[in-house]
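Biologist: I have the model open and would like to talk it through with you. Where would you start?

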Amino acid sequence: MPEWGVYWGFARLRFFDLIANRTRFLIGVLSYFIYVSVYAAVYRAIYAGQASVGGLNIREALTYVAVAWVLRSLYTNTLDREVTEDVRRGDIALSLLRPVDYPWSRVASAAGEALVRAFLFTLPAAVVIASVYRVQPPQGLVPTLGFLLGTPLAFLVYAQLNLLVGLTAVFTEHTIGIQRAKNAMVDLLGGVLIPLTFFPGWAQVILAWLPFQAITYTPVAMYLGELNILRGLLVQLAWVLVLFVVLRRLWRRALDRLTVQGG
């Protein structure tokens with residue numbers, strides 16, 4: 001049984017490490033405000049002369065893009081790059097000497113980072129964006145609960161995807177191409193750049209079977225009341241479990257394949 005107190009230690013260590021370098025988050029607030037402003041301008045052009053696109057009116061679309069980017073500021077982490085560097089430098093050998101599970105310790109560190117982001121990045125970005133754009137609140141208590149419960153599930157899906165990408169370094173050594181492909185798919189196919197309802201019907205059917213929609217589109221759609229809460233949460237939970245199983249299998253294979261130079 002995992003010693004959860006140990007993993008809380010990893011989260012707390014990451015929290016204090018990042019909070020000492022909080023300037024970058026202030027710059028991040030500005031950059032995310034610019035992103036939302038650019039997409040708001042694009043959306044206004046798309047909606048010129050149209051009352052609804054993809055089932056959303058202009059105010060819902062602006063709320064979607066604002067909440068999507070604010071949510072992105074919370075769950076984003078660099079586990080893929082960090083694990084890759086651990087493998088390439090051989091630092092993973094030292095991690096394996098510790099009496100903790102390496103993947104879980106990485107997820108715990110990412111959780112600590114998400115906690116810092118929530119206070120120094122996500123909340124300030126939400127305040128700045130909401131003060132400029134007319135972001136509508138959740139449509140009732142149930143959508144609010146759905147979004148609040150869906151946010152940590154979105155984090156777990158994203159963190160496990162990043163871990164999977166990072167662990168492929170054991171087999172390929174370099175993962176920069178996979179990282180870039182994953183980032184593009186998370187933003188485009190996950191609904192950060194545009195709502196999935198903007199895609200053609202046949203594409204929506206395909207995207208519904210991919211894990212990316214569980215990261216951004218599903219929680220934001222629940223926020224807007226555009227998706228059944230129970231269905232959305234079950235889809236996210238299903239992807240958390242599927243990725244957990246895949247991650248554990250890949251981790252066992254990686255341990256068999258891992259070679260540390262000089263070790």
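**Helix 4 and its charged pairs**

Modeller: I would start with Arg89 and Glu85, which are four residues apart in helix 4 and are therefore separated by about one helical turn. Helices are DSSP runs of H or I with at least four residues, strands are runs of E with at least two, and both are numbered from the N terminus. This is a predicted model, in which local features need pLDDT of at least 70 and side-chain atom pairs count only at pLDDT 80 or more, while totals for chains, interfaces and linings use all residues. Residues are numbered from 1 along each chain as its sequence is written, and side-chain values use heavy atoms, with hydrogens and water left out.

Biologist: OK, and what do Arg89 and Glu85 form with each other?

Modeller: Arg89 and Glu85 form a salt bridge, with 3.5 Å between the closest N and O atoms; the cut-off is a side-chain nitrogen of Lys or Arg within 4 Å of a carboxyl oxygen of Asp or Glu.

Biologist: Is Arg89 buried or exposed, and what about Glu85?

Modeller: Arg89 has 53% relative accessibility and counts as exposed, whereas Glu85, at 28%, counts as partly exposed. The classes are buried under 20% relative accessible area, exposed over 50% and partly exposed in between (1.4 Å probe, protein chains only).

Biologist: Which residues of helix 4 are buried, then?

Modeller: In helix 4, which covers residues 79-89, the buried residues are Leu79, Asp80, Glu82, Val83, Thr84, Asp86 and Val87. Helix 4 is followed by Gly90, which has a positive phi, near 85°.

Biologist: There are acids in that list. What does Asp86 pair with?

Modeller: Asp86 forms a salt bridge with Arg106, and the closest N and O atoms of that pair are 2.5 Å apart. Since Asp86 lies in helix 4 and Arg106 in helix 6 (residues 102-132), the pair ties together parts that are 20 residues apart in sequence. Both Asp86 and Arg106 are buried, and a network of salt bridges links Glu82, Asp86 and Arg106.

Biologist: And Asp80, what is its partner?

Modeller: Asp80 forms a salt bridge with Lys182, where the closest N and O atoms are 2.9 Å apart. That pair links distant parts of the chain, with Asp80 in helix 4 and Lys182 in helix 9 (residues 176-188), 102 residues apart. Lys182 counts as buried at 4% relative accessibility, and Asp80, at 4% relative accessibility, also counts as buried.

Biologist: How many salt bridges does the structure hold?

Modeller: The structure holds eight salt bridges, among them Lys182 with Asp80, Arg89 with Glu85 and Asp86 with Arg106.

Biologist: Let's zoom out. How many helices and strands are there?

Modeller: The protein chain has twelve helices and zero strands. Its radius of gyration, taken over C-alpha atoms, is 19 Å, close to the 18 Å that the globule rule gives for 263 residues, so the chain is as compact as a globular protein of that length; the rule is 2.2 Å times the number of residues to the power 0.38. Along the principal axes, the C-alpha atoms fill a box of roughly 65 × 40 × 35 Å, and buried residues make up 49% of the 263 residues.

Biologist: Which residues form the nonpolar patch on the surface?

Modeller: The nonpolar patch is formed by Leu30, Ile34, Val38, Val42 and Ile46, which together have about 410 Å² of accessible area. Patch residues have over 30% relative accessible area and no salt bridge, with nonpolar side chains (Val, Leu, Ile, Met, Phe, Trp, Tyr) joined within 5 Å and like charges within 9 Å; areas are Shrake-Rupley values with a 1.4 Å probe, where only the protein chains shown count as cover for residues. Val38 sits in helix 2 (residues 23-46) and is partly exposed, with a relative accessible area of 46%. Leu30 is also in helix 2, and with a relative accessible area of 52% Leu30 is exposed.

Biologist: And what about sequence against space, say for Leu30 and Val128?

Modeller: Leu30 and Val128 are 98 residues apart in sequence and 8.8 Å apart in space, C-alpha to C-alpha. Arg72, in helix 3 (residues 58-75), is buried with a relative accessible area of 18%, and its C-alpha is 7.3 Å from that of Thr216, although the two are 144 residues apart in sequence.

Biologist: How far apart are Arg44 and Leu250 in space?

Modeller: Arg44 and Leu250 are 44 Å apart, C-alpha to C-alpha, and 206 residues apart in sequence. Arg44 belongs to helix 2 and is partly exposed, with a relative accessible area of 45%.
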